[in-house]
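Biologist: Hello! I am new to this structure and would love a close look at one part of it, with some context around that part.

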Amino acid sequence: MKGIKRVVKIGAVELGGNNPVVVQSMTKTKTRDVRATVNQIRRLERAGCELVRLAVVDRKDGAVLSRIKKSVGIPIIADIHFDYRLALQAIDAGVDKIRINPGNIGEPWKVTEVIKKAKDTNTPIRIGVNSGSLPRKILKKHKHPTSAAIVETVDDALTIFRKNNFRDIVISAKGADVKTTIAVYKKLNEKFDYPLHIGLTEAGLPFRGGMRSAVGLGILLNQGIGDTIRVSLTADPVMEVVAAYEILDSLGLRRHNPVLISCPTCGRCDVKLAKIAHTVEQRLKHYKTFMKVAVMGCVVNGPGEAREADFGIACGKKIGLIFAKGKEIKRVKEECIVSELFEVIDENIDNR
Ligand code: SF4
């Protein structure tokens, strides 16, 4: 299986090669609203977002890109549909990458214009193909937007890039459902050595979208497929970043902010564990160091799990055992469990 991809540089961020999977998101503000857009990007940056995409729908959006770029610390990507002139404007504004769907840009000469400018300025291009916008001739041949139809569309779209000897490319191609998308990316991974941007289209509200993304992206990532991910959610984009890191962390691919593990509770639990877990989660948001914190409901299975984590609590009848780095540190009263846990955490780590 073809795994390692060629390296494509987006600003200071490298995709492909042996680089870690990069987390990205997309702003949900009107791009021309510079203040709102910059504020949102800064919040994304603080959450660990490494690349951010902005919709450029007209020249007014294009006109503010350089101001936005100067005000934020992560590379920005201009997302363009239909009008090749917006792509030229975005490249002139100094964006770090553009995303186009060659299928809706129109005549080949327009795509060529974009490629030429991108080449002159070393601006990478993501080619994004969606099952909803496949060319008629391909749909006619395959009858439906199957994975083969989508991959053929990508291959066709690449022809003009090959002609222009342009290889600073990232590919994304999404099916209408999770299984088709998985099949598409497996084929793309076999066929091309360009880095792959993986994600699902219209994943949904946070719960459903998060689940679907975890399944779809998790299966791909576990097979070594995917160089950058976006978890699309109908929600604050910061949640997309949090969800992306959860997926990557669960596969051991990235370590980022603290991870909370809590038991589901059962009849053995004698404390309000959900409340304790929520409070611990809220307080952990102030920590930037990676650590695993376990909050367990009883002294039957709790100590084992709590020992495995960096820090842990195993609750009992009106008491809690606090663990740090595999050792039981102290036994505390139920009402002091959270504050005592954080006292231990603070004694053991130095950077917040
Ligand atoms: S840790 Fe204890 S309370 Fe929690 S689910 Fe396991 S047995 Fe039940």
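Biologist: Which residues are around the ligand?

Modeller: Happy to show you, and please keep in mind that this is a predicted model. The ligand has C263, P264, T265, C266, R268, C269, G297, C298 and N301 around it. Sorted by class, this shell holds 5 nonpolar, 3 polar and 1 charged residues. The cysteines C263, C266, C269 and C298 are among the nonpolar ones, because Cys counts as nonpolar in this sorting. R268 is in the charged class, since Arg is counted there.

Now for the setting. The chain has two parts, with domain 1 covering 8–250 and domain 2 covering 259–348. Between the C-alpha centres of these domains there are 40 Å. The ligand's surroundings, including C263 and N301, fall in the range of domain 2.

Staying in that range, let us turn to a pair of helices. Helix 12 (residues 273–284) packs against helix 14 (residues 337–348) at about 35 degrees, and their axes are 10 Å apart. The crossing of helix 12 with helix 14 is right-handed. From helix 12, I276, T279, V280, R283 and L284 take part in the contact, and they meet I337, V338, S339, L341, F342 and I345 of helix 14. Counted by class, that contact has 8 nonpolar, 2 polar and 1 charged residues.

Domain 1 offers helix pairs to look at as well, and helix 11 (residues 237–250) has a place in two of them. Its axis and that of helix 10 (residues 206–222) come within 10 Å, crossing at roughly 40 degrees. Because of that angle, helix 10 is oblique to helix 11. Helix 10 passes helix 11 in a right-handed crossing. On the helix 10 side, P206, S213, A214, G218 and L221 make the contact, while helix 11 brings M239, I247 and L248. These residues divide into 6 nonpolar, 2 polar and no charged.

Helix 1 (residues 34–47) is the other partner to visit: its axis and that of helix 11 come within 9 Å and cross at roughly 20 degrees. That angle is why helix 1 counts as roughly parallel to helix 11. Here, too, the crossing is right-handed. Q40, R43, L44 and A47 of helix 1 meet P237, V238, V241 and Y245 of helix 11. The residues of this contact comprise 6 nonpolar, 1 polar and 1 charged.

Notes
Residues numbered from 1 in each chain as written. Predicted model: local features only at pLDDT ≥ 70, side-chain atom pairs only at ≥ 80, totals over all residues. Heavy atoms only, no water. Domains from an automatic or database assignment. Near = heavy atom within 4 Å. Axes fitted to C-alpha atoms, helices over the stretch in contact; angles between N-to-C directions. Helix = DSSP H or I, 4+ residues; strand = E, 2+ residues; numbered from the N terminus. Parallel < 35°, antiparallel > 145°, perpendicular 65-115°, else oblique. Left-handed = near helix turned anticlockwise from the far one by under 90°. Contact = heavy atoms within 4.5 Å.
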